[in-house]
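Me: Hey, can you walk me through this one? I'd like to start with a single residue and go from there.

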Amino acid sequence: MSDMKNRLNKEQTLLAPKLENIKFKALLDNALANYVVSEKHNNIPGILWGEERYQLERASSFRKLKQVQKDNIYTHLSRSNLALSWYIERSGHNYGAKMILLSDTQEEKSLYALFVAEEAIHQREFEHFMDFVPDPNLYWHPLLDPLAEAIREAERETCLYVIQVLLEGFGIGLYTSLKENCRLPELQRVYTRIINDEAKHHGSGVILTHSLTPNDLVKDQVFEYTRKFIQALKSADMMGKTLQREKKLTNKERTNFYEEIEYEKFINLRLLKLRSMLQKVDNWDLIDRLEKNNVFKYTI
Ligand SMILES: [Fe+2]
Ligand SMILES: [Fe+2]
């Protein structure tokens, strides 16, 4: 078990291996050829998500920037979206591997084996639209820390709640919104296909949790990881951080920026969606406990 834990470390789960193994790459290319719906995209536009998604023109500090700076911001945000999607799929490999090993029945093992195959396909679909390998120093999302930690440390039942229900559910919401305002129809089609698969992953997580009676350890872990996930979402601030790569803002400008883009409202809406998703699987006092700890509230 300790050896398995070592192999579920953050590097294994999320980061690119140092060396590309040419032989395996060719075998994988062959194996995936029958399953992917997209083709490697050449000449990928830098901005796949722009003003229509972020509406940064609402902010006076953004309006004052030169066009090239605005383009840099939307290019970085576009790459960050693809990088997060790619990291999520990558982590699904180790999640599935852990669940296969911890399954009690052959049916469960087979189900997770199919899910992992889908994550491998999803990762390749995204790679068809990426002309970069995400550098964790540039494209890390704080959500990935509790995700990797849960895959490594959490009990099997905890994983069902926090990864399969909460995170895969969050993934469906994220992918759906990315699909809606993506500029490239081919990538929209890829998101549509992946959302259908993620709905199965999330849905089976909801069904499986209904027959569980979690012990105190699992209840505590679900609470802690959920709190960490939501804390990570609150702290991500992709728009503000990306803007500040182009122009350092004064405190006053920062306050104005978040007000003008209605950031507080945006995050609170997201938290409300997560809350209603968790309600589907809360058969103890999870929501109550999270609320008492102000987890669902966000103020700037
Ligand atoms: Fe996936
Ligand atoms: Fe998934």
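Reply: Sure. Keep in mind that this is a predicted model. Let's begin with Gln123, which counts as buried because its relative accessibility is 12%, and the cut-off for buried is under 20%.

Me: Okay, where is Gln123 found?

Reply: You'll find Gln123 in helix 7, which covers residues 106-127.

Me: And which residues does Gln123 touch?

Reply: Leaving out residues up to four places away in sequence, Gln123 touches Trp86, Glu89, Arg90 and His93.

Me: What coordinates the iron ion (ligand 1)?

Reply: Glu89 is one of the residues there, giving two OE entries, and the others are Glu119 (OE), His122 (ND1) and Glu198 (OE), at 1.8 to 2.8 Å. Glu89 sits in helix 6 and Glu198 in helix 11, so this pair ties together parts that are 109 residues apart in sequence.

Me: Are Glu89 and Glu198 buried or exposed?

Reply: Both Glu89 and Glu198 are buried.

Me: How far apart are the iron ion (ligand 1) and the iron ion (ligand 2)?

Reply: They are 3.5 Å apart, and Glu119 coordinates both.

Me: New topic: how many aromatic pairs are there in the whole structure?

Reply: A search finds 16. Take Tyr95 and Tyr112: their ring centres are 6.3 Å apart and their planes are at 85°, so the pair is edge-to-face. Tyr95 is in helix 6 and Tyr112 in helix 7, so the pair links parts 17 residues apart in sequence.

Me: What sits over the ring of Phe132?

Reply: That's the charged end of Arg79, 4.2 Å from the ring's centre.

How values were computed. Residues are numbered from 1 along each chain as its sequence is written. Chains are lettered from A and ligands numbered from 1 in the order in which they are written. This is a predicted model: local features need pLDDT of at least 70, side-chain atom pairs count only at pLDDT 80 or more; totals for chains, interfaces and linings use all residues. Side-chain values use heavy atoms; hydrogens and water are left out. Donors are N, O and S atoms within 2.8 Å of the metal (3.2 Å for Na, K and Ca); water is not among the atoms, so sites may look incomplete. Helices (H or I, at least four residues) and strands (E, at least two) are DSSP runs, numbered from the N terminus. Buried means under 20% relative accessible area, exposed over 50%, partly exposed in between (1.4 Å probe, protein chains only). Contact means heavy atoms within 4.5 Å. Rings of Phe, Tyr and Trp (its six-membered ring) pair if their centres lie within 6.5 Å; planes under 30 degrees apart count as stacked, over 60 as edge-to-face and the rest as tilted. A charge sits over a ring if NZ of Lys or CZ of Arg is within 6 Å of the ring centre and within 35 degrees of the ring normal.
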